[in-house]
Amino acid sequence: MNRLLVLPTPGVNPATSPSANLPQVSTANLDHAVRDVQGCDFSGPTTLLCSSDDPDGSLFGVTKPLLRIDLSAAPNGTADVTGHVTALRQLPLRSSCSGAFEAEGIDYDRRTGVLRVVVVSPGFCVLTDSKTYKFTRG
């Protein structure tokens with residue numbers, strides 16, 4: 001995929017009602033293809049952090065990358081933006097079970113600077129050792 005659709009967040013954006021039909025605010029046209037993006041969160045007005053469940057690894061040299069997308073401007077509903085994509089690292093893949101992991105949602109808390117990403121463990125371990133990883137700037 002070479003673009004992301006930006007939608008308003010009901011509850012956070014007072015101009016948006018919590019209806020089933022959210023209006024598209026903007027399109028972020030990306031300079032590098034991405035695959036299996038599970039979620040993104042803004043860490044600033046023009047920076048997105050995204051979790052990718054990419055099982056292939058051919059796009060960035062690693063599977064399950066944590067992505068940073070630097071936008072040309074803050075999405076404001078009047079124009080599309082462009083985005084520069086960078087793979088920051090592979091998400092941690094640790095479990096007592098072997099098999100396919102699944103990268104899930106992402107949340108960035110601007111107040112604390114903490115990024116949380118859920119990685120679901122393979123097989124039976126999905127019940128016992130799936131993890132929420134916390135990242136902070138060092």
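**Sheet architecture and the environment of Asn29**

Strand 5 (residues 65-71) and strand 6 (residues 81-90) are paired in the antiparallel sense over seven bridges. Helices (H or I, at least four residues) and strands (E, at least two) are DSSP runs numbered from the N terminus, and two strands are taken to pair if DSSP finds at least two bridges between them. The model is predicted, so that local features need pLDDT of at least 70 and side-chain atom pairs count only at pLDDT 80 or more, whereas totals for chains, interfaces and linings use all residues. Residues are numbered from 1 along each chain as its sequence is written, and side-chain values use heavy atoms, with hydrogens and water left out.

Within the antiparallel pair, Ile69 has Val85 of strand 6 as its bridge partner. Strand 6 also runs parallel to strand 2 (residues 26-30), to which three bridges join it; here Ala28 is partnered by Val81 of strand 6.

These strands belong to an open sheet of six strands with the order 1-2-6-5-4-3 and mixed pairing. Strand 1 (3-6) and strand 3 (37-44) form the edges, each pairing on one side only. Neighbouring strands of the sheet are turned by 30° against each other on average, direction ignored; axes are lines fitted to C-alpha atoms, for helices over the stretch in contact, and angles run from 0 to 180 degrees between N-to-C directions.

Asn29 lies in strand 2. Because its relative accessibility is 35%, Asn29 counts as partly exposed (between buried, under 20%, and exposed, over 50%; 1.4 Å probe, protein chains only). Not counting residues up to four places away in sequence, Asn29 touches Asn2, Arg3, Asp80, Val81, Thr82 and Gly83 (contact: heavy atoms within 4.5 Å). The C-alpha atoms of Asn29 and His84 are separated by 8.8 Å, the two residues being 55 residues apart along the chain.
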